[in-house]
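Reader: Could you give me a close look at how one helix sits among its surroundings, and then carry the same reading over to the other helices and sheets? I'd like the geometry with its cut-offs, please.

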Amino acid sequence: MRLAERLVPFAVAAAAVAVGYALSVGLAGYFVYLGVSAVVAAIALLGLGVVTGTAGMISLCQLTFAAVGAFVVSACNVAGVPGGFGTWLLLGGLAAAVAGVLVGLPALRLRGITLAVVTLGLAAAADLTLVQIQFPGATEGLSVERPEAFSDDRSYFLFAVLVLVACGLVVHFLRRGRWGSSWHLVAFSERGTAAVGAGVRTSKLTAFAVSAALGGISGGLLTGQVGLAFPASFTAIQSLALYVLAIMSGAHLIDMAVFGALLWVAVPELLKRWGVPQDWGFVVFGVLGVQALTGRGNLGTAVRALWYRRRSGRTAGVGLTEPVPDVAPLPPGDPVLEVRGLSVSFGHVTALSEVDITVPEHGILGVIGPNGAGKSTLVDAISGFLPRATGTATLGGRPLTGSPARRARAGLRRTFQQDRVPPGLTVGAYVRFVARRRLTGRELDGALVFFGCPAARTPLSRVDAGARRLVEVVGHLLAKPRVLLLDEPAAGLPHEEHVAFGRRLRQVPARFGVSVLLIEHDLDLVRSVCDTLTVLDFGRVLASGPQADVLADPAVLKAYMGETELL
Amino acid sequence: MLQGALAGLAAGGLYAVLAVCLTLMSRLVRVVNFAQSATGMFGCYVAVFLAVHLGVPSWLATLAGILLGGALSAVLGWIVATWLAEADTGTRSATTVAVLLLLISLAFILFGNKPQPFHPLLAGPAFTIGGVVVSQVTVLTVALAVLVALACRAVLARTALGVRLRALSERPTTAELLGIPARPLSVGVWTATGVIATLAVSIVAPSQSNDPTSLAMLVVPAAAAALLGGFRRLDLAVLGGLVLGMAQGAVAQSDRLSVLRYFLPFLVIVALLLWTQRKEVWDAAR
């Protein structure tokens with residue numbers, strides 16, 4: 001079964017090559033030429049699918065990277081670099097990737113829209129510059145030599161299809177791997193990415209570099225098609241159009257990138273046949289792009305829905321009803337996480353002041369307190385999301401400092417109150433990524449079953465909110481950190497599942513070797529799980545110690561429970 | 001050098017006005033409007049068309065163009081406010097990218113991709129400093145940039161309208177629950193920036209390279225200028241625009257550096273980002 005699954009991409013690739021061969025033989029000459037244009041566009045769109053579709057960044061200079069590829073191929077041709085066209089193509093892709101990293105580096109730490117501004121600026125500048133400096137060999141009319149075996153138009157089309165298939169395979173496997181998961185995650189939540197110990201910048205840069213490399217390859221391929229590279233093929237407006245096309249066709253899916261490329265070629269061609277000026281093509285793209293962006297659904301998903309039909313619309317939830325065999329809890333050991341004098345203030349508001357917290361080895365510390373007591377701020381500060389927090393924290397005797405990603409790698413993991421689970425992945429892919437270590441299938445399935453989560457193959461988009469929170473918990477537990485900070489993990493669950501969840505949580509230190517700091521509102525859950533408790537009120541520690549003592553403390557009763565709830 | 005810098009000041013004033021518009025949009029309606037200068041370009045081209053081909057008096061044509069620019073911007077604002085009310089800045093801004101493409105292509109279709117015979121609204125020198133002539137266009141655009149920034153600031157800080165606008169930008173949902181009419185106010189902001197941008201482009205276009213693409217891509221230097229103020233401060237946006245225009249003018253004097261002129265906005269953006277990214281910022285709260 002698994003072997004068959006692994007062979008599917010290769011089978012699809014072989015079929016694509018076969019179709020490409022049939023087309024290269026069967027199509028009329030003019031259409032073969034158009035076909036090469038479509039393949040070139042498909043590779044550029046694949047790149048945009050990675051950066052925009054998967055990693056969620058706006059990149060408006062895809063054809064500038066294509067121009068870099070074209071420039072390298074032209075220069076190699078002029079200089080007669082050994083290795084021939086194939087090597088030049090790869091070099092062009094590499095050079096474009098380097099350019100991508102250089103452009104992306106400063107822009108990537110600021111979020112969102114700045115990358116769009118930077119890339120549009122680059123596209124505009126490169127556009128004007130190319131007109132002035134021209135490509136190497138262009139003024140002399142030195143035509144680029146195609147690979148020997150693929151020198152006529154028909155076989156060059158086949159060559160282009162081979163390149164496209166190779167690029168498609170690379171993108172497919174990259175997306176299934178560690179990088180791909182991080183792209184999905186970083187598009188959905190940067191905090192979530194950092195919390196699993198993955199670098200936000202690395203995730204974004206790899207996406208940007210892969211996308212630029214694909215752009216470079218498409219530019220090189222275009223040069224081989226035309227023979228000479230011209231600035232008119234790489235204008236900023238065409239980059240904009242390609243971006244809009246990627247949005248409206250849903251180019252994060254490989255088949256939709258190909259579909260978008262067909263549109264890219266077919267729309268202007270049809271307009272030409274109907275005697276309409278070709279600029280209307282971009283107007284059509286613009287309108288459809290606005291349509292897609294305003295959430296009226298894009299063409300790609302519409303086509304896909306027709307093609308695949310809906311296999312199953314049901315959402316998967318948690319099933320915690322099955323009893324689990326009990327594991328005797330381990331006695332709490334020495335302190336593993338120690339926080340001393342932690343203070344956080346936002347302007348004049350003191351959110352936390354001089355908070356001390358200790359989580360024992362094999363223990364579960366509950367942190368309770370009314371809304372606004374500073375519980376989530378505490379988790380943010382310990383996990384490194386509030387760099388201005390003061391105080392010290394040690395994990396296993398070592399000082400805990402640096403970025404959230406660094407702290408996560410040091411063995412401190414956290415979950416979030418809000419959903420940080422990207423809908424684009426399957427349960428299994430997400431858990432494997434969060435765990436950041438090699439998991440056996442048994443280990444993965446065992447942990448999922450233990451927490452009543454949906455099976456590993458389920459897409460996260462079909463998992464309900466409560467179950468997604470638990471999938472997140474499972475991922476972090478399988479990472480085997482020293483301490484896991486859980487911020488209201490049961491919040492999305494139906495109430496009757498709370499106690500069942502608590503029973504499983506109780507076994508976490510013994511089963512997974514992880515100590516837990518649990519923030520929770522549900523006192524029943526807290527009572528059944530936590531050995532020790534810390535109560536926060538207005539950012540101060542009100543009481544701390546064994547559960548029974550703390551819950552009997554008159555100050556706690558007064559401040560936290562109020563008069564309404566009697567213990 | 002000085003000659004070039006002063007010559008670039010007219011463009012700098014235009015960048016500054018557009019940067020003020022971009023800053024306002026970013027602050028008040030959570031969008032980086034990539035179609036800001038394209039809207040202005042389209043309004044101007046319609047004005048030229050009316051004046052040249054239909055013989056409409058040029059002041060009337062210009063007025064019609066400015067109103068059209070405002071109307072275009074209003075329609076776009078209405079679309080964004082209606083369908084993307086809850087969307088994040090990225091998605092809202094991406095929509096304006098599609099509109100930028102749309103407007104450039106439409107301009108190609110309707111008016112061709114060559115520069116148009118603009119009738120200058122103003123011509124001639126205003127005064128000379130140290131032997132260097134400063135044109136009326138320069139004086140007017142710089143004054144316009146400063147005036148627009150001051151007026152916006154006054155409106156935002158002093159008037160009831162300003163309070164509502166700020167409430168809307170800081171806490172849209174809360175503001176709406178308080179009975180502040182969100183959509184009409186947002187569309188109003190879009191309309192106002194559309195009018196201002198078209199006015200500024202109308203003044204400067206006759207003396208610039210004025211093909212549709214160049215005019216639409218003015219948004220890049222304007223964004224660089226707006227970035228100096230972090231898309232929040234109007235005064236720094238104006239300053240950024242003026243300085244960038246002068247720097248480009250100065251660089252353009254030398255043949256060897258002329259390619260650098262194109263990259264200047266890009267380099268400015270990158271340098272500013274490098275500077276502002278020193279502090280780590282996280283995306284959406286918790």
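Author: Happy to; here is a walk from one helix contact out to the sheets.

This is a predicted model, in which local features need pLDDT of at least 70, side-chain atom pairs count only at pLDDT 80 or more, totals for chains, interfaces and linings use all residues, and side-chain values use heavy atoms, with hydrogens and water left out. Residues are numbered from 1 along each chain as its sequence is written, while chains are lettered from A and ligands numbered from 1 in the order in which they are written.

Let's start with helix α1 (residues 2-29) of chain B, which packs on helix α10 (residues 219-228) of chain B at an angle of about 65°, the axes being 8 Å apart. Helices (H or I, at least four residues) and strands (E, at least two) are DSSP runs, numbered from the N terminus. Axes are lines fitted to C-alpha atoms, for helices over the stretch in contact, and angles run from 0 to 180 degrees between N-to-C directions. α1(B) and α10(B) are therefore roughly perpendicular to each other (under 35 degrees counts as roughly parallel, over 145 as roughly antiparallel, 65 to 115 as roughly perpendicular and the rest as oblique). The crossing of α1(B) past α10(B) is right-handed, that is, the near helix is turned clockwise from the far one by less than a right angle.

On the α1(B) side, the contact (heavy atoms within 4.5 Å) involves B:Tyr15, B:Leu18, B:Ala19, B:Leu22 and B:Thr23. Facing them from α10(B) are B:Val219, B:Pro221, B:Ala222, B:Ala223, B:Ala225 and B:Ala226. By type, the residues of this contact are 10 nonpolar, 1 polar and no charged (Ala, Val, Leu, Ile, Met, Phe, Trp, Tyr, Cys and Pro are nonpolar, Asp, Glu, Lys and Arg charged, and the others, Gly among them, polar).

Two polar residues elsewhere in the chain reach this region. B:Asn33 sits in the loop between α1 and α2 (36-53) of chain B and is buried, with a relative accessible area of 0% (buried means under 20%, exposed over 50%, partly exposed in between, with a 1.4 Å probe and protein chains only). Not counting residues up to four places away in sequence, B:Asn33 touches B:Leu22, B:Met25, B:Leu76, B:Thr96, B:Trp190 and B:Val219. B:Asn33 and B:Ala223 are 190 residues apart in sequence, yet their C-alpha atoms are 9.3 Å apart in space. B:Thr138, in helix α5 (residues 136-158) of chain B, counts as buried at 4% relative accessibility. Leaving aside neighbours within four places in sequence, B:Thr138 is in contact with B:Leu6, B:Leu9 and B:Ala10.

Chain B also has a hairpin to look at. Strand β1 (residues 125-129) of chain B runs antiparallel to strand β2(B), joined by 4 bridges; two strands pair if DSSP finds at least two bridges between them. B:Phe127 has B:Val134 as its bridge partner in β2(B). There are 2 residues between the strands, and B:Gly130 takes a positive phi near 50°. In a regular strand the side chains alternate between the two faces of the sheet. In β2 (residues 132-135) of chain B, B:Val132 and B:Val134 are on the covered face, and B:Val133 and B:Ser135 on the uncovered one.

Now for chain A. The axes of helix α16 (residues 427-435) and helix α18 (residues 465-478) of chain A come within 7 Å and cross at roughly 40°, which makes α16(A) oblique to α18(A). Their crossing is right-handed. From α16(A), A:Val427, A:Tyr430, A:Val431, A:Val434 and A:Ala435 make the contact, and from α18(A), A:Val471, A:Glu472, A:Val474, A:Gly475, A:His476 and A:Leu478. The residues of this contact divide into 8 nonpolar, 2 polar and 1 charged.

α18(A) leads us to a sheet: this helix lies across β6 and β7 (483-487) of chain A, at about 170° to β7(A). The open sheet has 6 strands in the order β6-β7-β8-β3-β9-β10 (chain A), with mixed pairing. β6 (412-414) and β10 (540-546) of chain A each have a single partner strand, so one side of each is left without a neighbour in the sheet. On average, neighbouring strands of this sheet are turned by 15° against each other, direction ignored. At one end, strand β9 (residues 532-537) of chain A pairs antiparallel with β10(A) over 6 bridges, and A:Asp537 has A:Arg540 as its bridge partner in β10(A).
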